[in-house]
Amino acid sequence: MARAVLALGENLVKEATCPLCLDLFQEPVITECGHSYCGPCLAAFMGVPPRPIDCPQCRAAVAPASLRPNRSLRSMAELTEALDKARQAHCPKHGELLSLFCETCRCLLCPLCQGEPQHRDHPARLAEEAARQLRETLQNNLVLLQKEKEEFRPMGQKKSDSLLGKVASEQQSLRDAFTQLQEFLQEQEDVLLAQLDQVREELNQERCRYISSISERETLLDTLIAEIKRKCDQPMVECLTDVGKILDRCEVAKTPIPEPVSPGLERTLERLFKSSQMLTAVMAEFKVKVCLDPETASPYLNLSEDCKTVRLASGEQELHDNPKRFTGSPSVLGSKGFTAGRHYWELEVGHGDSWAVGVAVESVQRKDSLSRALGKIWALRLDWNRQYTALHMPPTPLELNQELRKIRVHLDYEGGQVTFYNAENMVQILQFKATFTEKVFPYFWLWSQETYIQLCA
């Protein structure tokens with residue numbers, strides 16, 4: 001019987017459905033050919049101003065003035081709509097009353113649905129009892145969400161604003177510093193400002209995402225509160241329908257909002273700030289123009305015409321020997337030595353291995369092997385096995401996770417320090433402590449035809 005009633009209701013819905021919009025009739029009108037349509041649907045077909053058209057079903061001519069309201073069909077559509085709402089309390093599959101609530105699937109069931117495989121092992125109880133308990137649960141969520149909305153005063157954007165202010169301040173500090181020694185700092189200014197601009201863009205992006213998250217959370221809270229209030233006032237069946245979705249969204253609304261600035265971006269900012277402060281601290285240092293001294297170059301080395309680049313020769317060259325020339329190792333010194341002050345120079349190395357750069361005192365042994373000269377050399381070396389080494393006595397392997405291409409060498413004569421930096425990001429690589437009592441020269445060693453050492457202008 002229930003199935004027959006259900007089928008009858010479905011047929012009634014078909015009869016009360018507009019063939020144009022496929023929805024229940026709204027303000028139906030009838031044509032002279034006997035077909036009915038929603039008034040707004042047919043008006044849309046006729047256009048503005050209305051013009052005659054062909055009937056969508058039989059192609060007969062339909063004039064705008066010939067349309068008449070179909071009041072009986074309008075009444076039937078209204079009754080059909082009311083009947084359809086009443087049918088929603090019955091199972092659309094079995095036609096039985098939806099009297100049970102599946103606690104696992106959070107949906108209404110009829111007695112026949114409970115016996116089906118997907119619900120057979122799930123706990124179920126009377127719908128009225130479930131509605132009472134879920135109303136209490138929804139009410140508790142409502143109280144918590146209202147309290148959270150009252151206390152919802154996120155202040156995370158102030159943190160990103162503060163960091164953005166620091167970025168702007170650091171940029172200004174860098175500009176002031178670079179104007180004092182423009183020739184010395186121009187390259188680093190460009191590099192660091194570009195990095196700060198990138199960080200500022202990332203900060204702005206994270207700030208926008210954070211503010212968007214706040215706005216979305218506020219919207220979600222407003223929507224959920226309104227939906228829960230409306231759900232709690234609904235009858236049992238409507239209250240329980242789709243209640244699981246609301247409960248799931250309540251859990252989403254309770255999740256913490258992500259941090260306004262990611263830890264990785266904060267670490268990048270700290271590194272950039274340290275680099276900026278370091279550059280300000282070394283303002284008193286002077287960049288020197290270093291050239292290679294041909295009189296000290298080993299016969300196994302080739303120097304460029306401008307004495308800025310050194311490569312390994314294909315064999316031993318016939319060069320005039322003199323007390324300054326290295327003959328025991330493929331080494332060469334810079335043409336200028338230092339007996340005071342703080343100085344630095346930069347150089348590039350090729351992709352090969354077996355090179356060393358640093359400083360050596362004037363009395364370094366030049367006719368013996370490199371191992372006998374280590375006590376008077378302070379250098380950074382890349383060995384044949386790609387191992388970086390602090391080249392002094394004794395040589396010490398270094399743990400470096402970066403491949404060096406551009407290197408800055410700092411000499412502090414009075415302070416007794418030789419410091420090496422990766423010139424691409426100004427990260428310190430190595431520092432020697434020493435006591436200098438004689439002239440100190442830039443030092444270079446090369447023993448591979450696959451690479452080179454080139455002094456930067």
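**Exercise 1. Find where isoleucine 377 sits, and work out whether it is buried or exposed.**

Step 1: Isoleucine 377 belongs to strand E15, residues 377–382. Helices (H or I, at least four residues) and strands (E, at least two) are DSSP runs, numbered from the N terminus. A quick word on the model: it is predicted, so local features need pLDDT of at least 70, side-chain atom pairs count only at pLDDT 80 or more, and totals for chains, interfaces and linings use all residues. Residues are numbered from 1 along each chain as its sequence is written, and side-chain values use heavy atoms, with hydrogens and water left out.

Step 2: Isoleucine 377 has a relative accessible area of 1%, so it is buried. The cut-offs are under 20% relative accessible area for buried, over 50% for exposed, and partly exposed in between (1.4 Å probe, protein chains only).

Step 3: Now look at its partners. Not counting residues up to four places away in sequence, isoleucine 377 touches Val359, Ala360, Val364, Leu370, Leu391, His392 and Tyr443. Contact here means heavy atoms within 4.5 Å.

Step 4: Try one pair at a distance. Isoleucine 377 and phenylalanine 441 are 64 residues apart in sequence, and their C-alpha atoms are 9.8 Å apart in space.

**Exercise 2. Describe the largest nonpolar core and pick out the residues with the most contacts inside it.**

Step 1: Start with the term. A nonpolar core is a set of buried Ala, Val, Leu, Ile, Met, Phe, Trp, Tyr and Cys residues joined through side-chain atoms within 4.5 Å.

Step 2: The largest one here has 40 residues, and Trp345, Leu347, Trp355, Leu380 and Phe444 have the most contacts inside it. Strand E14 (residues 355–361) gives the largest share of this core, four residues.

Step 3: Another core lies apart from it, with 28 residues, including Cys110, Leu134, Leu142 and Cys232.

Step 4: Zoom in on tryptophan 355. Beyond its neighbours within four places in sequence, its contacts are Val349, Leu380, Arg381, Leu382, Tyr388, Ile407, Trp445, Leu446, Thr451 and Ile453.

**Exercise 3. Sort two aromatic pairs by their geometry.**

Step 1: A pair of aromatic rings is described by the distance of the centres and the angle of the planes. Rings of Phe, Tyr and Trp (its six-membered ring) pair if their centres lie within 6.5 Å; planes under 30 degrees apart count as stacked, over 60 as edge-to-face and the rest as tilted.

Step 2: The structure has seven aromatic pairs. In one of them, phenylalanine 326 and tyrosine 443 are 6.1 Å apart centre to centre with 65° between the planes, making the pair edge-to-face. This pair links distant parts of the chain, 117 residues apart: phenylalanine 326 is in the loop between strands E11 (309–312) and E12 (331–333), while tyrosine 443 is in strand E21 (residues 440–446). Both phenylalanine 326 and tyrosine 443 are buried.

Step 3: Phenylalanine 338 and tryptophan 345 have ring centres 6.0 Å apart and planes at 15°, so they are stacked. Phenylalanine 338 is buried at 5% relative accessibility, and tryptophan 345 is buried at 1%.

Step 4: Don't miss the cluster: ring pairs link Trp378, Tyr413 and Phe436.

**Exercise 4. Check the length of helix H5 against its expected span.**

Step 1: The expected span of a helix is 1.5 Å times one less than its number of residues.

Step 2: Helix H5 (residues 127–151) has 25 residues and should span 36 Å; its end C-alpha atoms are 35 Å apart, so the two agree.

Step 3: Which residues of H5 are buried? They are Ala127, Ala130, Ala131, Leu134, Leu138, Asn141, Leu142 and Leu145.

Step 4: Repeat with helix H9 (residues 243–254): its twelve residues should span 16 Å and its end C-alpha atoms are 17 Å apart, which agrees.

**Exercise 5. Track down two backbone oddities.**

Step 1: Methionine 393 and proline 394 are joined by a cis peptide bond, with omega about 0°. Proline 394 is in the loop between strand E16 (388–391) and E17.

Step 2: Glutamate 27 has a positive phi of about 50°, although it is not a glycine. You'll find glutamate 27 in the loop between helix H1 (2–15) and strand E1 (28–30).

Step 3: Is glutamate 27 buried or exposed? At 55% relative accessibility, glutamate 27 counts as exposed.
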